[in-house]
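I opened the notebook to write down what I looked up in this structure, going from the whole chain to single residues.

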Amino acid sequence: MTDRERQYADLGYEYAEGIERANVVNLPSGREVRKVGERWEVQPHNDNYWVAFDDLIEAIKFGIGKK
């Protein structure tokens, strides 16, 4: 398991092979992280605006409210 896969596992994604090739990643809350161009967009767990990130892990952390 790579360090990157360990980071995904810490966020609750036990099987993350190829996750960065996806266009949409579902969060445990039911929300989504969407790939738009080269960036990832996500809504915070308690609001409706979108925030863009270069890194999927950072987008997931923001989406689930983990610092």
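The entries below begin with the fold and end with a few side chains.

**Entry 1, the chain as a whole.** I note at the outset that this is a predicted model. I looked up the secondary structure and found 2 helices and 4 strands in the chain, arranged from the N terminus on as α-β-β-β-β-α. I then turned to the radius of gyration, which is 11 Å and close to the 11 Å that the globule rule gives for 67 residues, so I record the chain as being as compact as a globular protein of that length. For the outline I took the box filled by the C-alpha atoms along the principal axes, which is roughly 35 × 25 × 20 Å.

**Entry 2, burial, contacts and surface.** Of the 67 residues in the chain, I find 27% listed as buried. Among the contacts with a separation of 6 or more, 24% join residues that are 24 or more positions apart. The accessible surface comes to about 4,600 Å², and carbon and sulfur atoms hold 44% of that surface. I also looked up the charges: there are 10 positive and 13 negative side chains, and the centres of these two sets lie 3 Å apart.

**Entry 3, the aromatic pair.** How many aromatic pairs does the count come to? I find 1 aromatic pair. It is formed by Phe-53 and Phe-62, whose ring centres are 5.4 Å apart and whose planes stand at 50°, so I enter the pair as tilted; the angle falls between the limits of 30 degrees for stacked and 60 for edge-to-face. Is each partner buried or partly exposed? Phe-53 has a relative accessible area of 18% and is buried, whereas Phe-62, at 28%, counts as partly exposed. The cut-off that matters here is 20%, under which a residue is called buried.

**Entry 4, the loop between S3 and S4.** I next looked at Tyr-49, which lies in the loop between strand S3 (39-42) and strand S4 (51-53) and is partly exposed, with a relative accessible area of 42%. Leaving aside neighbours within four places in sequence, I find Tyr-49 in contact with Val-42, Gln-43, Pro-44 and Phe-62, the last of these being a member of the tilted pair with Phe-53. Trp-50 is placed in the loop between S3 and S4 as well, and its relative accessible area of 36% makes Trp-50 partly exposed. With residues up to four places away in sequence not counted, Trp-50 touches Glu-32, Arg-34, Glu-41, Val-42 and Gln-43. I also noted the separation of the C-alpha atoms of Trp-50 and Gly-65, which is 14 Å for two residues 15 apart along the chain.

**Entry 5, Glu-41.** Having met Glu-41 among the contacts of Trp-50, I looked it up in turn and found Glu-41 in strand S3, partly exposed with a relative accessible area of 26%. Beyond its neighbours within four places in sequence, Glu-41 is in contact with Glu-32, Val-33, Arg-34, Val-36, Trp-50, Val-51 and Ala-52. The C-alpha atoms of Glu-41 and Arg-21, 20 residues apart along the chain, are separated by 14 Å.

**Entry 6, Glu-58.** My last entry concerns Glu-58 in helix H2 (residues 56-64), which is partly exposed, with a relative accessible area of 36%. Between the C-alpha atoms of Glu-58 and Val-42, 16 residues apart along the chain, I record 10.0 Å.

Key. Residues are numbered from 1 along each chain as its sequence is written. This is a predicted model: local features need pLDDT of at least 70, side-chain atom pairs count only at pLDDT 80 or more; totals for chains, interfaces and linings use all residues. Side-chain values use heavy atoms; hydrogens and water are left out. The radius of gyration is taken over C-alpha atoms; the globule rule is 2.2 Å times the number of residues to the power 0.38. Buried means under 20% relative accessible area, exposed over 50%, partly exposed in between (1.4 Å probe, protein chains only). Contact means heavy atoms within 4.5 Å. Accessible areas come from the Shrake-Rupley method with a 1.4 Å probe; for residues, only the protein chains shown count as cover. Lys and Arg count as positive and Asp and Glu as negative; His and the chain ends are not counted. The place of a charge is taken as NZ of Lys, CZ of Arg, CG of Asp or CD of Glu. Rings of Phe, Tyr and Trp (its six-membered ring) pair if their centres lie within 6.5 Å; planes under 30 degrees apart count as stacked, over 60 as edge-to-face and the rest as tilted.
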